[in-house]
Amino acid sequence: MSRRCELTAKGPQVGHKVSHSNIKTKRRFLPNLCNVTFISDALGRNVRLRVSTNAIKSVDHNGGLDAYLLKANAAALSPRALELKRQIEKKAAEAPAAKAS
């Protein structure tokens, strides 16, 4: 399982651990990933994703998973999140057509 956020594409970064004597050794900074269940209003179901805590805050700030995915750049999304985005866009396009009929 990769250590990458499915919504923001945050991954491990590389840096130095600096000792008291200023010796620098390589280390990895891992993102704070959580398994979270989001509720999709458009799809009418729960969606489980592995996302960073920063992404959880962004989803809440944008008004839910559906609104976040509609605004999100497709290049940053994982294949699962990209498929969710397509499904939500399809449902959003069907909703106005159903109201017009």
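Start with the surface of the whole chain. It exposes about 7000 Å², and carbon and sulfur atoms supply 51% of that area. Keep in mind throughout that this is a predicted model.

Stay with the surface and colour by charge. The chain carries 19 positive and 7 negative side chains. The centres of the two sets lie 15 Å apart.

Now switch to a cartoon view. The chain has three helices and four strands. Trace them from the N terminus: the order is β-β-β-β-α-α-α. The radius of gyration is 18 Å, well over the 13 Å that the globule rule gives for 101 residues, so the chain is more spread out than a compact globule. Turn the view to see the extent of the C-alpha trace. Along its principal axes it spans about 75 × 25 × 20 Å.

How much of the chain is buried? Buried residues make up 29% of the 101 residues. Contacts tell another part of the story. Take those between residues at least 6 apart in sequence: 41% of them join residues at least 24 apart.

Next, select residues 33-40 and 45-52. These are strands E3 and E4. The two run antiparallel and are joined by eight bridges. For one pairing, pick Ile39 in one strand; its bridge partner in E4 is Asn46. Now look between the strands. E3 and E4 form a hairpin, with four residues between them. Click on Gly44 in the turn, where phi is positive, about 70°.

Follow E4 to Ser52. Is this residue buried or exposed? Ser52 has a relative accessible area of 2%, so it counts as buried. Show what surrounds it. Leaving aside neighbours within four places in sequence, Ser52 is in contact with Cys5, Thr8, Lys10, Asn32 and Leu33.

Keep Thr8 displayed and move to helix H2, residues 65-71. Select Tyr68, which lies in this helix. Its relative accessibility is 11%, so Tyr68 counts as buried. Which residues does Tyr68 touch, not counting those up to four places away in sequence? They are Leu7, Thr8, Ser58, Val59 and Asn62. Thr8 is thus a contact of Ser52 and of Tyr68.

For a last stop, draw a distance between the C-alpha atoms of Tyr68 and Ala55. These two residues are 13 apart along the chain, and the atoms are separated by 9.6 Å.

Methods: Residues are numbered from 1 along each chain as its sequence is written. This is a predicted model: local features need pLDDT of at least 70, side-chain atom pairs count only at pLDDT 80 or more; totals for chains, interfaces and linings use all residues. Side-chain values use heavy atoms; hydrogens and water are left out. The radius of gyration is taken over C-alpha atoms; the globule rule is 2.2 Å times the number of residues to the power 0.38. Buried means under 20% relative accessible area, exposed over 50%, partly exposed in between (1.4 Å probe, protein chains only). Contact means heavy atoms within 4.5 Å. Accessible areas come from the Shrake-Rupley method with a 1.4 Å probe; for residues, only the protein chains shown count as cover. Lys and Arg count as positive and Asp and Glu as negative; His and the chain ends are not counted. The place of a charge is taken as NZ of Lys, CZ of Arg, CG of Asp or CD of Glu. Two strands pair if DSSP finds at least two bridges between them.
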